[in-house]
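Student: I would like to examine this entry by asking, for each label attached to it, what the label rests on. Could we begin with the terms themselves?

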Amino acid sequence: MATLHILVVDDEPGIRAGINRILHNYIVSYPFMDEDIDFNLIDAATGEEAIDILNTAPIDIVLLDNKLPGMDGIEVLEYINQQQFDLAVMMITSYASLDLALDATKSGAYNFMPKPFTSQELRSNIDNVSKHLFLKRMTRKMQAEGKQIRFQFLSVLSHELKSPINAIEGYLKMMQERQMGDLINDYDRMIDRSLARLNGMRNLIMDLLDLTKMESGKKERKLREINLQTIAQTAMDTMEPYSIQKNVTMKLHTDGNTYLLADADEMEIIFNNLVSNAVKYNKENGLVDIYLKDKNNSLEITISDTGIGMSQQDVELIFKDFVRIKNSKTKAITGSGLGLSITKKMIDQYNGTIDVQSQLDVGTSFVVSLPRH
Amino acid sequence: MNDEKKLILLVDDDVDYLFQLETMVKNLGFNVMTAESQMEAEKVLETTKPDLSIIDLMMEQEDSGFILAYRARKKYPDMPIIIASAATAETGYNFDLYTDNNKNWIKADLYLEKGIRSDQLHREINKLLKI
């Protein structure tokens, strides 16, 4: 049970007592809230008294009469705005004066309630204002967490960028100090590893560029009817040098209309990521099958490999930023940990879906469905 | 002083850094065992008691090093532990072992930034091994 603190500001003791009676033991519950809300009521007879209380006690809701003996309701409201208290104000007006109500809502009051009111009216107003407050606070919390996620992303990113620098610097120092003697051949492994780490860094930077373009939304999208068969073929051509090394055979199968209204660059990113994964995580002499299937209202892309596969546990993680599945089989494979997260975000932009089926040591299939508009 | 070479366990998920550290520590005259993850290190610790461990902070999780250090300290309370990481400067993780509060929850004897020079590392290891 959560408790909201309501400050009732009214110079008429009868009104204050009435509100106390109506809201005492009143409970608000919503399906989307974890807990029910009850209310703790605090009274103030004047604006001055109200301000004293606001400065010392945590108040969530203010029921504020406008006509008060000293400073009036609007002045209290102005003070509340000035201090930027985290609360909602509901004005109570003796007679429903439209001007006053407008003034008050302009100055930040959540709403107003004309006097006299029935207990039902008061309760339904309290329902609304509690819900409003809850949503406002939840939104703010989520925004703050969004920033937190951003910060985590950056700290992991800097770690991912700094690790290869450290590794390469370490190797260069070992060479500088001739730690393995004077023969250049004895440094082959270090040179190979340095080049591999540089390559990894380059890929990470490319992936980051993709991500930045997408997240900033600044990249101009050029939507036109493109043939995904061509895009798939380009992705296969790009991976060919690598697939030859592993003796992996890639095959493209099409069924029906393979045209889709889309941005060619974005489709390339999707295909490049999925096809390169299918080759990278394959076994020697493995297969990669790419299917493009016309489903009338959508186009279905399936990319299947006969590779190392993943456990269900791993499958749940792979679309997150910087996630790389670490085990003895993936040890020698480089990757930024961003490819699939980018792919997923890209597919989301097309209101599409991506599903994964995987079995350890048997292979993995990614099924992408992109709707036609 | 023992004639036996002391055994040092090195744990880091960056195979290149691990290789470099291994080379450095071997050159300092120690025996070395390596592990590439928190899990692998825990397996090693089940059967072997190193004289000292040097543990990377961010491995499977960003705090794997702390967890490993905690478990290692529980199993071998007298084994010195060094946590090494490139983390501080860029992540905003700010910790040191100078305050009692941090000493309480970070079960390590020393926190080192990666990129340490061989002679510095030698000095720190000797200090902890009381050589």
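Tutor: Helices (H or I, at least four residues) and strands (E, at least two) are DSSP runs, numbered from the N terminus. The model is predicted, so local features need pLDDT of at least 70 and side-chain atom pairs pLDDT 80 or more, whereas totals for chains, interfaces and linings use all residues. Residues are numbered from 1 along each chain as its sequence is written, and chains are lettered from A and ligands numbered from 1 in the order in which they are written.

Student: Where, by that numbering, does Glu75(A) belong?

Tutor: Glu75(A) belongs to helix 3 of chain A, which spans residues 73-83. Its C-alpha atom is 9.9 Å from that of Ala104(A), although 29 residues separate the two in sequence.

Student: Why is Glu75(A) not simply called buried or exposed?

Tutor: A residue is buried if 20 or more other C-beta atoms, placed from the backbone, lie within 10 Å of its own, exposed if 12 or fewer, and partly exposed in between. Glu75(A) has 16 such neighbours, a count that falls in between, and therefore it is partly exposed.

Student: What makes Arg178(A) exposed, and what is notable about its phi?

Tutor: Arg178(A) has 11 C-beta neighbours inside 10 Å, which satisfies the limit of 12 or fewer, and so it counts as exposed. Its phi is near 50°, a positive value in a residue other than glycine, and Arg178(A) lies in the loop between helix 5 (119-176) and helix 6 (188-216) of chain A. Most residues other than glycine have a negative phi, and most peptide bonds are trans.

Student: How do you know whether Asn296(A) is buried or exposed?

Tutor: With 8 other C-beta atoms within 10 Å, Asn296(A) also meets the limit of 12 or fewer, and it is therefore exposed. Asn296(A) sits in the loop between strand 10 (287-294) and strand 11 (298-305) of chain A, and its phi, near 60°, is positive.

Student: Which form does the peptide bond from Lys115(A) to Pro116(A) take?

Tutor: That bond is cis, with omega near -5°. Pro116(A) is in the loop between strand 6 and helix 5 of chain A.

Student: What puts the buried residues of helix 10 of chain A on one side or on several?

Tutor: In helix 10 (residues 339-349) of chain A, the buried residues are Gly339(A), Leu340(A), Ile342(A), Thr343(A) and Met346(A). They cover an arc of only 155°, taken from the directions from the helix axis to the C-beta atoms, and this places them on the same side of helix 10 of chain A. Just after this helix, Asn351(A) adopts a positive phi of about 55°.

Student: Which residues are buried in helix 2 of chain B, and why do they count as lining a face?

Tutor: Gln38(B), Ala41(B) and Leu45(B) are buried in helix 2 of chain B. Seen down the axis of helix 2 of chain B, they fall within an arc of 60°, and so they line one face of the helix. On the other side of helix 2 of chain B, Lys43(B), Glu46(B) and Thr47(B) are exposed. The buried residues pack against strand 1 (7-11), strand 2 (31-35) and helix 3 of chain B.

Student: How do helix 2 of chain B and helix 3 of chain B lie relative to each other, and why is that term used?

Tutor: Helix 2 (residues 38-47) and helix 3 (residues 64-75) of chain B pack at an angle of about 10°, with their axes 10 Å apart. Axes are lines fitted to C-alpha atoms over the stretch in contact, and angles run from 0 to 180 degrees between N-to-C directions. Angles under 35 degrees count as roughly parallel, and therefore helix 2 and helix 3 of chain B are given that term.

Student: Which residues of helix 2 of chain B meet helix 3 of chain B?

Tutor: From helix 2 of chain B, Gln38(B), Ala41(B), Glu42(B) and Leu45(B) take part, and their partners in helix 3 of chain B include Ile67(B), Leu68(B) and Arg71(B). Contact here requires C-beta atoms, placed from the backbone, to lie within 7 Å.

Student: What do the totals say about chain A and chain B?

Tutor: Chain A has 10 helices and 13 strands, and 29% of its 373 residues count as buried. Chain B has six helices and five strands, following the pattern β-α-β-α-β-α-β-α-α-β-α, and 37% of its 131 residues count as buried. Among contacts between residues at least 6 apart in sequence, 67% in chain A join residues at least 24 apart, and in chain B the share is 62%.

How values were computed: Two residues are in contact if their C-beta atoms, placed from the backbone, lie within 7 Å. Angles under 35 degrees count as roughly parallel, over 145 as roughly antiparallel, 65 to 115 as roughly perpendicular and the rest as oblique.
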